Amino acid sequence: MRRRSILPGRRQTQPSPSDDFWSRSAEASFASLRSEEQGLSAQEAARRLRDVGRNIAVEPVRRRILAKIGKRLIEPLIAILIVAALISGATGDWASFGIILSILAISIALDVTQEHRAEKVAEALKQSVAVRAQVKRGGRPVGVPVENIVPGDIVLLRAGDLVPADGILLESRAAHANEALLTGEPFPVEKRPGPSAAATPAEAFNALFGGTALVSGEATMLVVATGARTRFGGIAAALRSEEPPTSFERGLHAFGVLILRITAFLVLFVLLANLALHRPVLESFLFAVALAVGLTPELMPMIMTVTLSRGAVRMAARKVVVKRLAAIHDLGAMDVLCTDKTGTLTEASIDLVAHPGFSGEDSERVIEFAAVNSRFESGVKSALDDAILAHTQEKPLDAWRKIADVPFDFERRRVSVLVENSRRRLLIVKGAPEEILARCSRVDMGDGVPVPLDEEKSGKLQALLAAKSEEGLRCLGIAWRDMPEDRAAPAAKDEQDLVFVGYCVFVDPPKASAAEAIRRLERAGVRIAIVSGDAAPVLRHIVETLGIPAKGMLTGADIAGLGDAALAARVAKVDLFARVSPDQKTRIVRALQARGHTVGFIGDGINDAPAIKAADAGLSVDGASDVARAAADLILLEHDLGVVADGVAEGRRTYANIMKYVRMGTSSNFGNMLSMAFASLFLPFLPLTPIQVLLNNLLYDVSETGIPFDDVDETATKRPHSWNMHEVLRFSLIMGPLSSLFDIATFVILLHVFGASAEVFRTGWFLESMATQILVVFLIRTALPAWISRPNRALVATSLGSLGLAILLALSPVGHWLGFFTLPWPILLSIAALIGGYLLMAEFLKRLALAPQQGRSHQRRR
Ligand SMILES: Nc1ncnc2c1ncn2[C@@H]1O[C@H](COP(=O)(O)OP(=O)(O)OP(=O)(O)O)[C@@H](O)[C@H]1O
Ligand SMILES: [Mg+2]
């Protein structure tokens, strides 16, 4: 269970979160909230929204931009640099101070605007799949975004909806809520109106809390508190996109920390050494700090956001909307995808094809009882109910009156209605056929007179069921029992000693496109597991029809008998899971994760939500229940596995682009800064002035802004990726020294061949350093020969643009301001030769550095 602290600072028009609002009567609540049965008027709702704020606990992106700039300014390195520059200004060098400040301003602006833009794009996409709620405004139900709900609103909720705020129940039709978020209790609790004397929210049967979910029945709720004033951070808590960091994020972070440590050590060493050599104190200090700025991977968070949001835009174009940016990695890294059946593998156009009674012939009694059940059950009507109702006339149903029902839930897998006609009061039960049969002791042969269900009759009914299921037809069992005239409130325990009447048989044609999509996913290294609440034979039939090579089969009953460790051992060899409950779906996901897999789960029902949440990449579809969509990290705009396959490719592309940054950072950039640090020890002067170091860093950063747009080789997206520190280290240990080697060569040539002065040396070094670190991107962006894999135009533009600017700044008259000097031709040509030599070597060595490692690292992430 997650809790969040309550944010302070909202105007006090709402009760404090500790208020026991459920102890008041509905009238008292209406009065104190100045609302009425008709709901608020649209104007009043708008006014309250302005007063109270949005029904969400987090601030919109817009407000965060200043905070971001502030945060950058107080970063220790930047702060030290500014102070150091100020001191150097105070000692007379105000020009340096101005230039340093400008460079910092430009780089912070670049960073913040890029990140901000990226976040805005990502947020807009997320908004497009935001949850909406039915609210009564001016007496009429209207759909509004949940964040516009205000205290005093009346919200209409159905099974599958997320409770958008805290409130009291005005009406309930067998409403049951899942309050696991609040109580940790996984089973639905009943909700009914009426003041309650409960001491804690968990016991308040008449209250609904934001962030929980209605799992069956219907309810009308008067909103008492919204946004940060709700008990549990409300909707924000349920929709919260933060998740524990993925293995990739943690790996990247660990890598960043490693670089930071090296940097700290290096910078300290350089500073002390320079001081020991009696160099000017202030300049040495500035140089050391500028080096640190150049070395630290401070841009990594921004790069992640920008690349991921770029990925999110591309995915949206391919009908996948990303709610949690980091899930893009998870999708690319996913190596097992668990999928439900209806709608994903089938067309979800369910049709009733038969309604056999005991004889096997269609029976009017069966369809009538089934229809009475479907019509009067208070939960959301499932597609099965729709199919039944589509086959019935209204007339016979009019003879029945509903008294009560025991709504459907996925643990029981059945639903009962208590009804009566002019002659008798019946409990009519409909549900998974095995479960219904198991609860029957008698059978109705068609005349309404029950006879004992002996072994022979039971065997005949089982055989009928098996025959239908093996044809891939879904079945529901229908049964009934007489109830005493005075029984008005049936319960699940009444569902026994039933009279079996017959089956409803449905067809749901397999989706032709699913087979191809599954093959595509399997070619991409993603294993498919089918996890369904439906029966085993139906599942087996569908995989046979689609030609999916699925092995093994575990049913809910099997799983119930397995401990977590045993289940983890079994999931490796099984692709089909039938008749599983929502809780078992989650256990399957966890078992796969325990085996080291990165698991995706796609589903659309309330029963899929916990597993979607537990999966690394939780997928749902537009049009699924709110609860499923809220639990998901990614929403498919089209219910199709082909869309998932596209998403996987995009996820891997995004990962590949982020890895380009990592490689860039570890090859020339890091290498150059390193060589520079050591060079400073052997030179009679600093290899670059602090300003030049900062300028170098800024231009390098600009050159990299094209990477998120870059194209990725097909070979790089073939297999699921996973962060592998060894690969990164190997790359760094090959490419870093190579870059240093050429730096040293530059150093020696400039100093000993040309006997360069400080200014000439710095100009030459600056050019070599800029060109090598920028141009190498064209080599390391691909594992193929650089001339075969074409870079994207955006990357060409940013890279060549910043290199051009570097050359211009160094060699034009402006350069004098920055401490550069015009270079004679022989030096220019030698530098060009060095750059060429470096690139040539890098192209050859990258093959060694990038050689794929065997197998995937099977390390768990949590
Ligand atoms: N409206 C209903 N009335 C009675 N029983 C139902 C109803 N809906 C579902 N069931 C029973 O519950 C079982 C599980 O439901 P369902 O098949 O929707 O599960 P699921 O896991 O979502 O399956 P899928 O993988 O096909 O999406 C069904 O096979 C059926 O036996
Ligand atoms: Mg389903």
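## Starting from Leu521

Let's begin inside this predicted model, at Leu521. Setting aside residues up to four places away in sequence, Leu521 touches Leu337, Val526, Ile528, Leu641, Val644, Ala645 and Val648.

## The nonpolar cores

Leu521 belongs to the largest nonpolar core, which has 198 residues. Along with Leu291, Val322, Ile530, Leu634 and Val644, Leu521 is among the residues that touch the most other members. The top contributor to this core is helix α24, spanning residues 641–682, which supplies 17 residues.

A separate core of 39 residues lies apart from this one. Its members include Phe369, Cys440, Leu476 and Leu498. As background, nonpolar side chains in soluble globular proteins tend to be buried together.

## Around ligand 1

Now for the ligand. Ligand 1 is surrounded by 19 residues, of which Asp340, Thr342, Ala432, Ser532 and Gly533 are the closest. Three elements give two or more residues to this shell: α13 (383–390), β12 (414–420) and β13 (425–431). By character, the shell residues comprise 7 charged, 7 polar and 5 nonpolar.

Where does ligand 1 lie with respect to domain 3 and domain 4? Domain 3 (320–347 + 510–637) and domain 4 (351–507) both contribute residues to the shell, so ligand 1 lies between them.

## The chain as a whole

Stepping back, the chain has 862 residues, and 51% of them count as buried. It contains 30 helices and 23 strands. Along the principal axes, its C-alpha atoms fill a box of roughly 115 × 60 × 40 Å.

Among contacts in the chain with a separation of 6 or more, 75% join residues 24 or more positions apart.

Terms used
Residues are numbered from 1 along each chain as its sequence is written. Chains are lettered from A and ligands numbered from 1 in the order in which they are written. This is a predicted model: local features need pLDDT of at least 70, side-chain atom pairs count only at pLDDT 80 or more; totals for chains, interfaces and linings use all residues. A nonpolar core is a set of buried Ala, Val, Leu, Ile, Met, Phe, Trp, Tyr and Cys residues joined through C-beta atoms within 7 Å. A residue is buried if 20 or more other C-beta atoms lie within 10 Å of its own, exposed if 12 or fewer, and partly exposed in between; C-beta atoms are placed from the backbone. Helices (H or I, at least four residues) and strands (E, at least two) are DSSP runs, numbered from the N terminus. Two residues are in contact if their C-beta atoms, placed from the backbone, lie within 7 Å. A residue is near a molecule or strand if its C-beta atom, placed from the backbone, lies within 6 Å of it. Ala, Val, Leu, Ile, Met, Phe, Trp, Tyr, Cys and Pro count as nonpolar, Asp, Glu, Lys and Arg as charged, and the others, Gly among them, as polar. Domain bounds come from an automatic or database domain assignment.
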